[in-house]
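Please open the model in a viewer and keep the selection tool at hand. The stops below are arranged so that each selection leads to the next.

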Amino acid sequence: MRRNSRARIGVSLLLVAGALGLGAAPSTAADTPAAAPSAIPAPSAYALDARVDRALGTATAGTYLDAKTGKLVVTVTTDRAEEQARATGATVRRVARSAAQLDSAMETLEAEAKITGTSWGIDPRTNRVAVEADSSVSARDMARLEAVAERLDGAVAIKRVPGEFRREVLGGGAIYGGGSRCSAAFNVTKGGARYFVTAGHCTNISANWSASSGGSVIGVREGTSFPTNDYGIVRYTDGSSPAGTVDLYNGSTRDITSAANAVVGQAIQKSGSTTKVTSGTVTAVNVTVNYGDGPVYNMVRTTACSAGGDSGGAHFAGSVALGIHSGSSGCSGTAGSAIHQPVTEALSAYGVTVYGAAHRSSVRVGRATPHRA
């Protein structure tokens, strides 16, 4: 579901980084209703999700991938919406709370419980707003959060999570600019020119980017958007023509041939230069992150592990690009809370596309391999 309404995250996030050329592997779903392991949607499921969004808009309370069947499920509250959803060919489920009711619950949380160390977003599988509170949230603030949730008639589910949401751009070899290190997400193209997209909080730092600390410039920033969004774009200026692949950190790469919006319940992978390839499940969409220097909207929450140094990296499923890594509260075992900026928004903003094997040049570059600091 893609709506203008936003779930809110009141946090001071851990901003982390991926790898130039990119990739991802396992977390367990932290607050998802467990059934079967999450699955990567077929291309037809992404297309159906987009079709449902166009046809129903806010008439649906959200879509998700059924863990048992792998089919896209559309949640609705009215006969009219059910009729529209069935016309798209999707599986339909009647639920108690409408999109408007979930939006209202998030607006109340935003107004009355905007507490650093908390996050919330829509989980259509439970038909609730899924709230997470990290270890920094005091007992007093938890009581305040719970009091607000109690008044929302079961629309909100609260869960404690380990670790803390921290803002922290750390090292991990990838791309270097302005004395900082970040990572690229996906190589993209427009009019024959090659670029990479990365996190906007990274491209805000510098106009010139290198593949090693103190190395020669490989690309120049042509756009950046943070806060509000968290994406930026850098044009290759070193004459290279890298492949449109993601680094899997095992000597191989994954070809990226298309882009889509992530669906709640699906499996994803994350490629980052610190935690390398990790995997997880999408648990919430329409998430807002309230950073100290401004909010970022329409993010996606997952259970993939990440750490300082993964920022700007790739979230993907199979050959489909899904997101640009923004931040997390770290990991507990194999369970994380990696948050990404939907890549489709960045591609649309800059008029660029991902590209696969058919557009590779004779110069094969899976990722930059800079000197580690």
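In which helix is V52 found? Select V52, and the surrounding element proves to be helix α1. The model is predicted, so local features are given only where pLDDT is at least 70 and side-chain atom pairs only at pLDDT 80 or more, while totals for chains, interfaces and linings use all residues. Residues are numbered from 1 along each chain as its sequence is written, and side-chain values use heavy atoms, with hydrogens and water left out. Helices (H or I, at least four residues) and strands (E, at least two) are DSSP runs, numbered from the N terminus.

**First stop: V52 and its surroundings**

V52 counts as buried because its relative accessibility is 1%. Here buried means under 20% relative accessible area, exposed over 50%, and partly exposed in between, with a 1.4 Å probe and protein chains only. Next, display the residues that V52 touches: G57, T63, L72, V74, T88 and A90, when residues up to four places away in sequence are not counted. Contact means heavy atoms within 4.5 Å. Then add R86, which stands 34 residues from V52 along the chain, with 9.5 Å between the two C-alpha atoms.

**Second stop: the whole of helix α1**

Extend the selection to residues 43-56, which form α1. How far apart are the end C-alpha atoms of α1? They are 20 Å apart, in agreement with the 20 Å that 14 residues should span at 1.5 Å a residue. The expected span is 1.5 Å times one less than the number of residues.

Colour A45, Y46, L48, D49, V52 and L56, the buried residues of α1. These residues cover an arc of only 160° around the axis, which puts them on the same side of α1. The arc is that of the directions from the helix axis to the C-beta atoms. As background, an α-helix has 3.6 residues a turn, so residues three or four places apart point the same way. Turn the view to the other side of α1, where P43, S44 and R54 are exposed.

Against which elements do the buried residues of α1 pack? Select β3 (60-65), β4 (72-76), α2, β22 (314-317) and β23 (320-328) to show them. Just after the helix comes G57, with a positive phi near 55°.

**Third stop: where α1 meets α2**

Add residues 79-88, helix α2. The axes of α1 and α2 come within 10 Å and cross at roughly 145°. Axes are lines fitted to C-alpha atoms, for helices over the stretch in contact, and angles run from 0 to 180 degrees between N-to-C directions. On the α1 side the contact is made by L48, R51, V52, A55 and L56, and on the α2 side by A81, Q84, A85 and T88.

**Fourth stop: helix α3 and T108**

Move to residues 99-112, helix α3. Its 14 residues should span 20 Å at 1.5 Å a residue, and the end C-alpha atoms are indeed 20 Å apart. Within α3, the buried residues are A99, L102, D103, A105, M106, T108, L109 and E110.

Centre the view on T108, which has a relative accessible area of 16% and is therefore buried. Beyond its neighbours within four places in sequence, T108 is in contact with A113, V148 and L152. T108 and L152 are 44 residues apart in sequence, yet 8.5 Å apart in space from C-alpha to C-alpha.

**Fifth stop: the loop between β14 and β15**

What kind of peptide bond joins F226 and P227? The bond is cis, with omega about 0°. P227 belongs to the loop between β14 (217-225) and β15 (231-236). Select T228 in that loop; its phi is near 80°, a positive value in a residue other than glycine. T228 counts as partly exposed because its relative accessibility is 40%.

Another positive phi in a residue other than glycine, near 60°, is that of Y249. Y249 lies in the loop between β16 (245-247) and β17 (253-255).

**Final stops: S332 and helix α6**

Select S332 in strand β24 (residues 331-332). With a relative accessible area of 38%, S332 is partly exposed. Show P162 as well: its C-alpha atom is 6.7 Å from that of S332, although 170 residues separate the two in sequence.

Finish with helix α6, residues 343-350, where V343, A346, L347 and Y350 are buried. Seen down the axis of α6, these buried residues fall within an arc of 100°, so they line one face of the helix. G351, which follows α6, has a positive phi near 65°.
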